[in-house]
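Biologist: Could you take a close look at the surroundings of the ligand, and then place that site in the context of the whole chain?

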Amino acid sequence: MFRRMKPIHVIGGGLAGSEAAWQIVGRGVPVVLHEMRPVRGTDAHKTDRLAELVCSNSFRSDDRETNAVGLLHEELRRADSLIMRKGDAHQVPAGGALAVDREGFAAAVTEALAAQRLVTIERGEIAGLPPEDWDSVIVATGPLTSPALSDAIRALTGEDSLAFFDAIAPIVHFESIDMDIAWFQSRYDKAGPGGTGADYVNCPMTREEYEAFVDALIAGEKTEFKEWEKTPYFDGCLPIEVMAERGRETLRHGPMKPFGLTNPRKPGEKPYAVVQLRQDNALGTLYNMVGFQTKLKYGAQADVFRMIPALGDAQFARLGGLHRNTFLNSPKLLDPTLRLKAMPRLRFAGQITGCEGYVESAAIGLLAGRFATAERLAEDMRPPPATTAFGALLGHITGGHLSADEPGRRSFQPMNVNFGLFPPVQVPRVAGQKLRGPDKALQKKRAISARALADLEGWLSASTAEAAE
Ligand SMILES: Cc1cc2nc3c(=O)[nH]c(=O)nc-3n(C[C@H](O)[C@H](O)[C@H](O)COP(=O)(O)OP(=O)(O)OC[C@H]3O[C@@H](n4cnc5c(N)ncnc54)[C@H](O)[C@@H]3O)c2cc1C
């Protein structure tokens with residue numbers, strides 16, 4: 001007798017949940033998609049549509065050769081992404097970026113899923129842990145996960161496991177730091193657990209440089225908090241410009257303190273202030289500016305931070321920010337296929353896992369959908385290679401970040417996809433010449449992208465072969 005396969009439940013019909021549901025039904029597995037709107041709203045969504053874009057209508061650069069998010073677009077397209085298919089179909093002119101007509105896009109995603117025989121869309125909040133007979137669940141409830149569900153997740157995983165705000169310090173590509181000015185040293189040369197005594201990159205400043213920097217911070221254009229973002233959670237992580245406003249010396253006694261640090265090039269001369277950067281990913285390609293969370297606008301941040309002499313040519317993998325954002329301490333809590341170690345029937349996807357952005361959320365939704373489907377069909381769940389944009393992003397979430405287990409310090413912060421997350425690549429010589437500067441950077445991006453797309457093909461065809469068996 002024919003027995004209907006048990007459905008996979010997807011909670012949250014945003015960018016990640018919609019993509020996950022599409023991937024699952026694409027393999028003939030039924031899905032129940034639970035979306036709480038319009039029964040219950042969020043502070044940012046305005047409609048009852050699936051995949052609503054809450055702010056900008058841009059999926060950012062569509063350049064697949066030299067931009068990491070453009071590469072992720074291409075990988076999504078090749079993996080039959082619904083979000084990219086409808087994004088492409090509802091494109092509006094935006095130069096090199098892929099921007100979409102938000103109404104048409106969300107309506108098309110909603111219609112495509114509603115038209116699937118194997119998809120059931122249930123409107124209503126899942127206000128706690130899912131019932132036990134839901135044996136495969138993808139939680140894709142996003143940065144504004146409803147409090148009843150986030151409380152239940154926190155009760156299950158522990159007090160320290162879920163953040164409600166991100167406090168993001170800018171992250172710099174290591175190769176763009178001027179190491180003729182900066183030096184490696186830990187404060188007082190302390191090795192600590194797992195350190196070497198020379199773990200931080202130290203960027204010195206003279207008194208004049210510090211004074212000009214403080215003036216620029218205070219004058220810089222800021223982003224305002226929205227009413228619903230104003231909460232006491234910010235007390236422990238003040239934006240640096242607020243610290244600067246509290247007194248001209250405050251930063252010099254806080255994140256810019258020079259004590260316990262000696263410039264090996266000028267051992268007799270104490271720097272007036274020091275900005276420290278700490279390694280951010282296992283590859284050592286990215287460093288974060290310690291204690292530099294900020295609400296300065298992006299343009300102002302780049303200008304002001306490049307006033308720090310060793311960062312004069314800094315390339316930022318991401319700029320700083322403070323937002324309302326619910327996200328897990330994923331490197332500690334999730335396994336390599338996004339399952340919650342404490343309750344493996346729950347898988348997480350989208351921004352709640354610690355990726356950032358519409359496209360990244362859709363990509364993690366795609367992977368979660370594919371992993372859950374493979375599990376349901378008792379197939380091999382092979383994660384994508386680390387050299388692909390999918391794999392690089394998944395690595396940031398489930399493994400690549402340092403200090404996930406360090407007691408008392410939550411250092412894992414959400415991140416957009418960027419080339420600093422990929423394993424290094426050999427830059428090909430052009431006509432036997434070693435490239436330098438911007439030419440080298442461009443060739444490096446091209447080489448990473450070409451390698452990613454080649455390796456993606458292998459992964460996709462292995463998944464297809466598995467499905468055909
Ligand atoms: C104010 C704001 C502005 C942003 N601006 C941008 C931007 O300009 N560009 C960009 O790339 N990214 C932006 N982001 C990030 C953006 O939210 C994510 O990139 C993306 O929407 C996340 O996708 P997601 O699927 O994880 O979550 P979402 O798209 O938010 O989807 C989650 C869904 O889950 C539903 N839900 C929540 N709790 C429950 C529950 N208990 N039961 C059932 N359903 C539930 C919600 O209603 C929602 O539909 C912004 C985020 C915020 C909060």
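**The ligand site and its chain**

Modeller: In this predicted model, residues 24 or more positions apart account for 71% of the contacts in the chain with a separation of 6 or more. The chain has 12 helices and 17 strands, and 53% of its 469 residues count as buried. A compact globule of 469 residues would have a radius of gyration near 23 Å, and the value of 23 Å for the chain therefore agrees with that expectation. Along the principal axes, the C-alpha atoms fill a box of roughly 85 × 60 × 45 Å, while the chain exposes about 20200 Å², of which carbon and sulfur atoms supply 53%.

Turning to the ligand, 31 residues lie around it, and Glu35, Arg37, Ser146, Gln351 and Gly357 are the ones that come nearest. By class, the shell divides into 12 nonpolar, 16 polar and 3 charged residues. Backbone atoms also approach the oxygen atoms of the ligand: a polar backbone atom of alanine 16 is 2.9 Å from an oxygen atom of the ligand, a backbone N or O atom of leucine 15 lies 3.1 Å from a ligand oxygen atom, and for a backbone N or O atom of glycine 357 the distance to an oxygen atom of the ligand is likewise 3.1 Å. On its own the ligand has 980 Å² of accessible area, and the protein covers 91% of this. The elements that give two or more residues to the shell are α1 (15-26), β2 (31-35) and α10 (358-376).

Definitions and conventions:
Residues numbered from 1 in each chain as written. Predicted model: local features only at pLDDT ≥ 70, side-chain atom pairs only at ≥ 80, totals over all residues. Heavy atoms only, no water. Near = heavy atom within 4 Å. Polar contact = N/O pair within 3.5 Å; in protein donor to acceptor, adjacent residues only side chain to side chain. Areas by Shrake-Rupley, 256 points an atom, 1.4 Å probe, with all protein chains shown as cover. Helix = DSSP H or I, 4+ residues; strand = E, 2+ residues; numbered from the N terminus. Nonpolar A, V, L, I, M, F, W, Y, C, P; charged D, E, K, R; others polar. Rg over C-alpha atoms; globule rule 2.2 N^0.38 Å. Buried < 20%, exposed > 50% of the residue type's maximum accessible area, 1.4 Å probe, protein only. Contact = heavy atoms within 4.5 Å.
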